[in-house]
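Let's take a walk through this fold together. Have the sequence and the 3D view open side by side, and follow along.

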Amino acid sequence: MRTSWIFVSTLAFATTALAADIGQVKVAKGAVQVEREGKRMDATVGMPIRSSDVLVTGANGSAGVTFSDNSLVSVGPNSVFAIDKYSFDTTTYAGEFEGSLRKGKLAAVSGKMVKQSPESMKIRTPSSVMAVRGTEFVVQVDEPPAAPVAAR
């Protein structure tokens with residue numbers, strides 16, 4: 001009985017952990033970190049990505065992530081990309097992907113969920129929202145210029 005309880009508990013924990021993983025780092029070059037639950041950790045190839053993670057690249061960094069619906073996102077140097085929302089049903093291909101490019105450069109290729117529902121993938125920037133409809137694109141967000149300093 002005790003062995004069965006441990007097995008069921010382990011299985012439930014593993015299922016929960018796997019359910020939280022929505023993608024995987026496929027490429028990490030230079031300075032690449034993932035912010036998760038208030039902590040930053042170095043990104044490595046094969047690292048699981050979860051909803052609410054934030055990818056941060058340094059001046060020499062770039063990263064590529066493949067999501068569970070086969071969407072691809074690549075971020076360039078000096079970028080900050082937040083995964084705001086992600087869900088995907090592998091049976092029906094229904095899902096939702098919302099991300100925010102706060103700064104830097106991003107290239108994306110839509111996956112299976114967009115083929116099922118063309119408006120299911122959205123990428124926000126500080127000045128726009130892009131609905132990805134079965135395509136690939138590149139977007140760049142420049143840092144705002146420094147505010148002028150008043151002379152006295």
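How many bridges join strand E10 to strand E11? Five, and the two strands, residues 121–125 and residues 128–132, run antiparallel. Keep in mind as you look that this is a predicted model. To get the register of the pairing, find Ile 123, whose bridge partner in E11 is Met 130. The link from E10 to E11 is a hairpin that passes through two residues.

There's another hairpin to look at, made by E2 and E3, with two residues between the strands. Strand E2 covers residues 32–36 and strand E3 covers residues 39–42; four bridges join them, and they run antiparallel. Here Gln 33 is the residue to check for register, standing opposite Asp 42 in E3. If you like backbone torsions, stop at Glu 37 in the turn, where phi is positive, at about 50°.

Now for the inside. The largest nonpolar core has 29 residues, and the ones with the most contacts inside it are Ile 49, Phe 67, Phe 81, Phe 97 and Leu 106. Phe 67 is a good place to start: leaving out residues up to four places away in sequence, it touches Ile 22, Gly 23, Ile 49, Val 73, Ile 83, Tyr 86 and Phe 97.

A few of those names come back when you look at rings. The model has four aromatic pairs. In one of them, the ring centres of Phe 67 and Phe 97 are 4.7 Å apart; the pair counts as tilted because the planes sit at 55°, between the 30 and 60 degree limits for stacked and edge-to-face. This pair links distant parts of the chain, with Phe 67 in strand E6 (residues 62–67) and Phe 97 in strand E9 (residues 95–109), 30 residues apart. Both Phe 67 and Phe 97 are buried. Phe 97 also forms an aromatic pair with Tyr 86, this one edge-to-face, at 5.3 Å centre to centre and 75° between the planes. Again distant parts of the chain are linked: Tyr 86 is in strand E8 and Phe 97 in strand E9, eleven residues apart. Put together, ring pairs link Phe 67, Tyr 86 and Phe 97 into a cluster.

How accessible are these rings? Phe 97 has a relative accessible area of 0%, so it counts as buried. Tyr 86 counts as buried too, because its relative accessibility is 8%, under the 20% cut-off.

Next, a couple of loops. Pro 77 sits in the loop between strand E7 (72–75) and strand E8 (80–88). Is Pro 77 buried or partly exposed? Its relative accessible area is 44%, so it is partly exposed. Pro 77 and Gly 61 are 16 residues apart in sequence, while their C-alpha atoms are 4.8 Å apart in space. Not counting residues up to four places away, Pro 77 touches Thr 57, Gly 58, Ala 59, Gly 61 and Gly 104.

Ser 110 lies in the loop between E9 and helix H2 (112–116). With a relative accessible area of 14%, Ser 110 is buried. Setting aside neighbours within four places in sequence, Ser 110 is in contact with Ser 71, Met 121, Val 132, Gly 134 and Thr 135.

Finally, a word on confidence. The mean pLDDT of the protein chain is 86, and 82% of its residues reach 70 or more. Over residues 7–19, though, the pLDDT is below 50, and this stretch has zero contacts in the model beyond near neighbours in sequence.

Definitions and conventions: Residues are numbered from 1 along each chain as its sequence is written. This is a predicted model: local features need pLDDT of at least 70, side-chain atom pairs count only at pLDDT 80 or more; totals for chains, interfaces and linings use all residues. Side-chain values use heavy atoms; hydrogens and water are left out. Two strands pair if DSSP finds at least two bridges between them. Buried means under 20% relative accessible area, exposed over 50%, partly exposed in between (1.4 Å probe, protein chains only). Contact means heavy atoms within 4.5 Å. A nonpolar core is a set of buried Ala, Val, Leu, Ile, Met, Phe, Trp, Tyr and Cys residues joined through side-chain atoms within 4.5 Å. Rings of Phe, Tyr and Trp (its six-membered ring) pair if their centres lie within 6.5 Å; planes under 30 degrees apart count as stacked, over 60 as edge-to-face and the rest as tilted. pLDDT is the predictor's confidence in each residue, from 0 to 100.
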